[in-house]
Amino acid sequence: MSVILARLHERQAPGAQMVHIFAAEQDSPDGMRKAYCGFTAHYSWLKSVSGLAGMPCELCLLDAPLKVAETSAEVIELPTEIDMAGPLFAIGLRGERVWHEVPSDPIVGDYESRSVVLTVCGCMGWLMPGDPYLDWSRCRECDETR
Ligand SMILES: [Zn+2]
Ligand SMILES: [Zn+2]
């Protein structure tokens, strides 16, 4: 599942900072692209960004690829405060024992007062401080994307 991060071009909306998340596979004949939150714009109005170049759209963060269903919160105690300066990794929202890479410029959102992050492979995970668990496997898609 791949996603594109984009915001409105300065030409169209000077000062526009909101970064929306779009499914990569969109090919609508009229050139319109729809973000996960429902925001719609012609592709020529959009400028893709590679990281946190503005404000992540929180609605998009919550609706992007993985719906939050069963969470790993029952298995793992999720931190409420995270030291963003230290090492970071992410774990799946669905409770798989897999950890994901966090981009160097992560887009972080809030879900039920926990931090969620867009991982390198393009899915959403819980943001975790420190080093990944040794007995968990590393996400193969994150590896390939890097
Ligand atoms: Zn959005
Ligand atoms: Zn991954």
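# A tour from the open sheet to Pro79

Strand 2, residues 18-23, runs parallel to strand 6, and two bridges join the pair. The model is predicted. Select both strands to begin, then add Val19, whose opposite residue in strand 6 is Pro56.

Next, widen the selection to the sheet that holds this pair. Four strands make up an open sheet of mixed pairing, and their order across it is 5-1-2-6. Strand 5 (46-48) and strand 6 (55-56) each have a single partner strand, so these two are the edges and each leaves one side without a neighbour in the sheet.

Now show the whole protein as a cartoon. Two helices and twelve strands can be traced. From one end of the sequence to the other, the elements run β-β-β-β-β-β-α-β-β-β-β-β-β-α. Colour the 146 residues by burial: 32% of them are buried. Turn on contacts as well; of those with a separation of 6 or more, 60% link residues 24 or more positions apart.

For the last stop, go to helix 1 (58-63) and follow the chain towards strand 7 (88-92); Pro79 is in the loop between them. Is Pro79 buried or exposed? Neither label applies: Pro79 is partly exposed, because 14 C-beta neighbours lie inside 10 Å, while a buried residue would need 20 or more and an exposed one 12 or fewer.

Keep Pro79 selected and add Met128 and Pro129, both of which Pro79 touches when residues up to four places away in sequence are left out. Finally, pick Ser115: its C-alpha is 8.3 Å from that of Pro79, across a sequence separation of 36 residues.

Notes: Residues are numbered from 1 along each chain as its sequence is written. Chains are lettered from A and ligands numbered from 1 in the order in which they are written. This is a predicted model: local features need pLDDT of at least 70, side-chain atom pairs count only at pLDDT 80 or more; totals for chains, interfaces and linings use all residues. Two strands pair if DSSP finds at least two bridges between them. Two residues are in contact if their C-beta atoms, placed from the backbone, lie within 7 Å.
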